[in-house]
Each structure stands twice: as C-alpha cells, then as structure tokens.
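Trainee: Hi, have you got a minute to walk me through this one? I'd like to start with the contacts.
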Amino acid sequence: MSDANTVALVINSLTIALALPMLMLLLWQDSRSGVNLFFGLLMVMVIVWSTGMLLGRISAYVGNLTSLTEWGVRLLQIGFTGACVGLYLFAVILSGGQGRFFTRLAVLAILVVLAYQGFIAFSTVAPAFDVQPDGTLRYSFGSAATVIYASFVLMTLAVTWQRRRKIRDRGLVIGIFGFGLGVLVELISPELRNRSIGIDLSAVSSLVMSYSMVRVQIIEPLAGRANQLKAVRDVGLAITSHVRLEEVLRTIAGQAAEILQANGAAIFLNQGGTLELAAVHNMPQAFIGQRLAMGEGLAGRAAVTRQSARVEDYRRDWTGQADMPFAKETFGAVIAAPLIFADEVMGVLVVIEGPQGRRFDREDVRLVDLLGPQAAVAITNSRLFERQRGLTDELEAAKNQLETVLTSTENPVIALNRRCEIIFANPAAAELFDNQSLTGRRIREIAPTSILPTNPGLALRELNQRRVYIYEVTIRERTYLCHVGLLGRPRAQGFVAVLNDITQLKELDRIKNQMIRMTSHDLKNPLSAAMFHIELLQEEGAGLFTDEMREDINTVWTQLHRMNRIIRGILDLERVQSGTLTFEECVVGDIIRSSAHEFEDQAAKRGVKLLIDVPDSLPTVTGDRQQLVQAVSNLIENAVKFTLEGGTVRVSAERIEDQVVIHVADTGIGIPPEAQPRIFERFFRAKHPGAEQISGTGLGLSLVKAVIDAHKGRIWLESEVNKGTTMHLVLPARQATEMKKSEPV
Amino acid sequence: MKILIVDDEQAIRDALGRKLRREGFNVFLAGSGIDGLRMFHTERPDVVVLDIVMPEMDGLTVCRRIREIAETPVMMLSANAITEEDIVEGLNAGADEYLVKPIRLNEFVARVQALLRRSQMTGNEAKTGYNDGYLNVDLQRRQVHVEDTKIHLTPTEFKLLVVLIENAGRVVSQRELLEQVWGHEYVDDIYYPRVYISQLRRKIEPDAANPIYILTEHRVGYRFEKQNRT
C-alpha cells in the first residue's frame, strides 16, 4: 500500500469520526433549521462517500474480496453524487439564495439522484474499477456523469462567490471552495484521484465546514451571549434615560438597529386596536403616522400572534400586505417583535435589513425578543410619565386659576388643615389681620377667640352633617358672614372659611325694618283714630242716621278695615320672613275649623258652599298656630272670593306618610297657566276675566308661602280656568319631628 | 274704677276716653309720658293704658317708672308691634297686656275689664301653698319668700305661679296657661307665658339660666317641679 493511500485512509477515518459528532451536535442544536438540515445531508453524503472509499480501498488492499470492493465503490459513487448535489443545495441555502419552492425541488432532486444511484447500485452492471497489484484501488466516472457533477460544483462555486457577503463565516466559504475543488480534482484528474488527493481535500474541507458551522451556530452565539446581554442592558439604559415618548421610541429603534447591525428599524404603537408607525431609524420620517390594521403586514401578524416573526427576504417571502410604503422593493430580512407589557400589546418593533444586507438568524430574533419587554416597559413608563405630566400641568393651571380667583376676590378666604394651621390666606384675609404672614400659623395665634364659632362642638357637628357651618362674626366693627366648609372629600383634610362683609346689608336691613316700623306706626295711628271714631259714630249716632248715611259710614269702615289689612299683610310677611315664629303643638283640625269659621258668613252671603272634611285621626303638627291659621285663612278667603255663586269650596286634610296634607279646593274661576308660576310673588295679582272686581292686596299667597317655608313644608297648586283651583299644603307631622325635653327657653 | 290713658295722639286719646266713659269708667287723659306719670301719682288709677311711641318719654319708660312704685296693671296699646320681640320688650318693661292698634273698641273694653278682674283676684281659690325652705309661697296672704326674703310679684306673675304650683309635676300647655291666667280671649297671645315665665324664673329660681322649679317642655309647655330641700 502506497503512502498516499495510507494517508487517505487515515484522513477518511478521521473525517468519518469527526464529521459524525459535529453533525449530531448541529442537529441537536436546531434540527429544524434549513441550513442545518442541508448541511446534515451534505455531511451524510460525505460520510457515505468516505465510508465507500474506506471499504473499497481496504478490501482491495486485503485482496480477493472483489464483491466487497465493488460495494465500496458503489457507496463511494452514491456518496460522491449526493455530496455534489448536497454541496450545491447547502451553498444556496446558506447564502439565502433559495427560491420559494427550493426545499421541494431540492428534496425531489435528491430523491431522483438517489433513485438513479440505487438503480445503478443494484443493477447487474458492476462499477468500473480495478485493483492494482500493490492493492491500490482505481475507479473512474463516466463522461456524462463527470459533466453533470462538474456543473453542480461549478454552480456551487459561482453561487458562493456571488453571494459570499451573505455568508457570515469565512471558514464556510473556504470550506465550500475547498470541497468543490476536491470534487473537481476527483472528477478531472485520474492520477490525483488515484492518489486520493481530491477526496482528501474534500474531507478536510468538510471538516473545516463542520467546524465553521459549529462555531457559527453554537460557539459564537454562546460566546456572544454575554456581549448580547451587555448590549441589551445598554439598550435598556439608553431607553430609560429618556422620558419623552418620542425620544424613547427613537432610541429603541436606533439601539435595535445597532445591536443587530441592521440597516433600519421602526416602531409601531398600538393606538386603540390599530398599529401606527410612531418612530423610525434610518428611514423616511414621512412614514410616521402610517397606519396598519391588526393582523396586516408582518408587524400586524406579530401583534396578533404575540410572537416574533422573521422573514429572510421580504420581497420574496412576504406575500401579505406591505408594512410600509416601498417595503416590497426595499426590505430584505425583517424581524417583527411584539412589545408586550402587562399582557397588552403596546406595539411592534420591526428591524429591517436591505436586500443586499445580511440575513437574520434565530439569535437575532432572540435578541429582539430580549429587547421587546424593556422597550414595552419604557414605552409604558414614558406614557405614564407624559400622562402624569399632563395631569400635573392641568393641576398646576387649575391651582393658578383658583389662586388668581381667590387672590383677586375681596372676600377674605382662609384655609386650615386638620390641626387648624393656616395653609392658605388670600390678601384680603391678610389685610384683615394687619397684613401679617398667616401661612403656617395656628388660627388661635392670630385671631381673637371672639371670631371663632362660640360653640365649636355644634360647628363640628353641623360641618359633619351638612359640610357647611355659617355664623356671624364682627371684626374691626364690620360684620361678616363666615361660611366654613370642609376641605377634601370624602375625608376632610381641613377647613376653608370665606368671609362675606355684610355690614352694609345689615345696615340696609336695619334701615328697612326701621322704615317699615315707622311707616306702619305712622299709618296705623291715624288709621286707628279714624276707625275708633267711626265705631263711636256708629254707636252714638245709631238713631240719628238715615239708611244712606249708615251705608256711607259702613263704606268708610270697610275701606279703613281694608287699609288695615294691607298694612297687616305687609307686617305679617315681614314677621314671617324675619323668622320670629313661636312653635307649639297644633291640631290641624282646629286650625282648619277656626280658619274656615271666619269665612262662613262671607261664603253664605256669596252663595258658595263651604265644606270641611277633616278626619279626627290626623296627627298634630309643630308650628306657629297663629301663622298657620293665617295661612289657611288666606287660602280659604281666596277660594271663597274667586268662586261664583253656586260653587263649592272644600277644605280637607289627610295624612300621607309622615306628613299632613291640607287641600283647599274650589270650583272658582281658576288661575291662567301663565300666571301660576308667579302666583306666590309679593303684590302679584293674576289678570283674568272675572277677577278685576275682586279686591285683594296681592300679599295673601306670598304670606302663605312664607309661612309654609318657615315650617319646612311645601305648597303647590293645580288650577284650570273656569274649572277651579286646588291648593295643596304639606306640613311635617309632629311624630316625625324631633322632640327635646326640659330645655330652658 | 279709674283708668289713665296716655297717648300723644289726641284723636285716639279722645276716642278711647269717650268709649270707656260710656262704659262707666272714670277716665283720665294724658298727652305725654311725663304728664301721664304725673297724673299716675296724683290720681292713682286702677288701670293704665299706655301708648309706646311718644316724644320725650316713651311708654316703656313710663311703665318701668310705674313698676318701681306700684303693681298697677298696665296695658300697652301700640301701633308699633311688628315682631314678637316688640311685644316681649313691652311685657319685659312690666306691662300686663300688649294690644296692637287698630283694635275694635269693644274688644279694647273687654280687655281692660279682664285686666281689672285679674288684678282684683283674691287668693280664696288657693289652697295650701308651697314651702321647701328655699321657696315659700303663701297663697292666703299672697306673699312669696325666697330664702326668707320677701319678693314682689305682679298679680299676673303671682297667678301664673299659682297655676303652675297647682299642677306641679304635670306639663301645663301654653294655651292652658293663657286660659287660666289671662282668660280665654287671650289664647292666641302665646308670647305672654314665655315672657312671664322668664320674669318669674329671675325672681324665684336660684339660677334663672338653669331652672329647677319651672322647667320647659320644649314646644309643649311648662312644668313646676317640687324640690326636696328640707
């Protein structure tokens, strides 16, 4: 056996021994990767080739084993053929040059080649070979086969050269070229073939390729993991160093492109179910704002499936809608990764490589996947930050407005916290306390006790129940109405006091009361004198007067009486509205009966039927008896006055839950709808046919309203012209009102 | 019976005087507060009818002056009453009655007669009286002592105290008080009890602000509570 043969045997054995574990390693790492599969195919073919060679040569060397040598040569030829095809397929897929139906065509090609080789192997025709006397094996290829194999190899070399930039590892390029050269040597030179130079070259090259594959697929990613983590951390730092959403997005896009050494990147944000392009890196800014429906485009698909999507060649592989304008023309490899935070897709990060650029592999997708959550958090943070800043701005603006309002108001305003320390005082308040600086001081330090509520317990109780407490206070000879309210809801954080200067109002009120007092006195004295004298005249001159004179005197009396009623009406109203009522337990039936009693004669005279319908079981009410009688009297008087002869006035009362309701219903001329809303106003009298001749002051119903209001009751009416009017008057029943015992007056 | 009418309006003075004279009263007329006071001293009337708003000396002052020396029933007759406070002010000055002008002459006469009746009331309807060591009410001699000091009560105040003592322990409503003390024509004048009760408290209670004898039943009436001091 020649030295060359010995070397070839050793190399063959080593190739088999080394290629097998490397193949296993690669398939273990990723058995679904196309590159790995095709490399696996190539290596299997190389192993078959080497095994055939080993078998043939050893059996030839041992001698007398012709059939074994023949099987060796057959295996050698199958492996060789498969290796030629496999190399081509591997080169194509490695450089990303495969077409859409590449895999199917490749599988078909391999099946055809193997079937052909199988047919040859099991045909009776023995392969052409001979064994030299020194045991060296010589074999040859048919010229047709040589041309076919050579063209495969040449195509492989051409593809590799053309797309060498797409192949990331130089060792692979060298391996492919070495392997191709070995095959060519095997095909072209029988001399070198006999000396196993070709196969040795191919075997070594296949080892180089194996090693490169293992390095590219396994060692480099492992070695790069630390760098990647560092890069991802740097990205995290970079994106979290910004708070404005636009900057954050731009940084994420830039960092993603940089870390993947890609040409460009873009970020879509999920805006209410639609993806909107929000940031780009190395791409036209004009694209920003482009919209993409969920599920459309690669980005849309990533958003819907919530998984990263990768295409190796966008032009070739992506058949759906384009993600961006000119995407089909300008994109090469693309990765789209969803940005998910709190189970919500915030957006999609798209990293893009040009058509001539590199391809993205699984490691790249992993990197982008690592980047995704950080980006999502950064986006969420900056959104929250922007929302918070918006709120803060609004709050600040509202605060400024409020402060301006409070500062410019003439009413002193003071706000206190729960410890009664002043937290705000407007200039008007400061002026009230000698322009001292008030903020931060306790209210008791700056204000005399006389201006605080005299009964703090009561004030607090009122505040808790009604959230407001009002009391009068005198500061520097001016009278203020102090409105105290609770600050903050639902739990009070403090108090706010607004002071209204009512000095002038009080003075006006005093003057008004004095005027009314004087007027009433000045009018009532002459009125009384006149009335007294009319009475004396009636008594003393009874026998002297003619009927006519008596009639005249009666008229004077009636008119004086009417004048007195008007004055009394004004004074009554004044009294009720100034709130000086005397409350006692009142029997509603009594009130109604004594009110009605007054008008029985008048009703009879007018031919109006006056009916009273009051059940005995009515509860009593708490009220000012005199005022209630006055109110019900006014209603009955009106009813009698405005009801024509033959009509009916019906006064009834009933209990409805905790209330006593009094109804005064007549069949009179009614109140026109337009007059109804004003009927309780002072001095208002409805203009209505039939009402002109009826005298009245226009004060009666306003008094009724004032009385009922003072009793915390309600009054309303139903009326139809020429049908009648019903007044409803509601008073709280006594059982429902609070009773206090043994309290000094 | 002598009645003094003090009013600065001559027309009113004359009308009231004429009416009362026809009813059989002996009437004296005064046109100012000072004249009225002078006439009170000289004539010693049984009832005084006082206007309130008068020049120089008003009716309230006149009433207070009269109260300093006598318990003669005083009737205020004013056009000036607007609020309860006005009436209370008049009663606080010592008046037994407050009428608002204008008034029917017959009613005026009836009120004067009722006032006279009240002032002439004798203690014969009273039975035993009340004595707990601090407060001593002698119904026979119409005398009231607080801690052995004799105190002066007007006839109306005395009658009010008697009615309360007779109903000791029971709530007497304002209307009952009005009917029993003033007469049934007064049942609507509910300011009276309140004013008189506070006067009474000032005179007989150890502390008028925290009464122990005359207690208020809020919005119902008053109750006399006997004390165990002996």
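Mentor: Sure, here is a short tour of the chain contact, a helix pair and a sheet.
Mentor: This is a predicted model, where local features need pLDDT of at least 70, side-chain atom pairs count only at pLDDT 80 or more, and totals for chains, interfaces and linings use all residues. Residues are numbered from 1 along each chain as its sequence is written, and chains are lettered from A and ligands numbered from 1 in the order in which they are written.

Trainee: How many residues of chain B are in contact with chain A?
Mentor: 33 residues of chain B touch 33 of chain A, contact being C-beta atoms, placed from the backbone, within 7 Å.

Trainee: And which element of chain B gives the most?
Mentor: That is α1(B), with six residues. Helices (H or I, at least four residues) and strands (E, at least two) are DSSP runs, numbered from the N terminus.

Trainee: New topic: at what angle do α8 and α13 of chain A cross?
Mentor: Roughly 20°, with their axes coming within 10 Å. Axes are lines fitted to C-alpha atoms, for helices over the stretch in contact, and angles run from 0 to 180 degrees between N-to-C directions. α8(A) and α13(A) are therefore roughly parallel, a label for angles under 35 degrees.

Trainee: Which residues make that contact?
Mentor: Among them are Val232(A) and Ile239(A) from α8(A), and Leu367(A) and Leu371(A) from α13(A).

Trainee: What about the sheet, what is the strand order?
Mentor: The open sheet in chain A runs β10-β9-β13-β12-β11, with antiparallel pairing; strands pair if DSSP finds at least two bridges between them. Eight bridges join β11(A) to β12(A), and Thr474(A) stands opposite Thr479(A).

Technical notes: Contact = placed C-beta atoms within 7 Å. Parallel < 35°, antiparallel > 145°, perpendicular 65-115°, else oblique.
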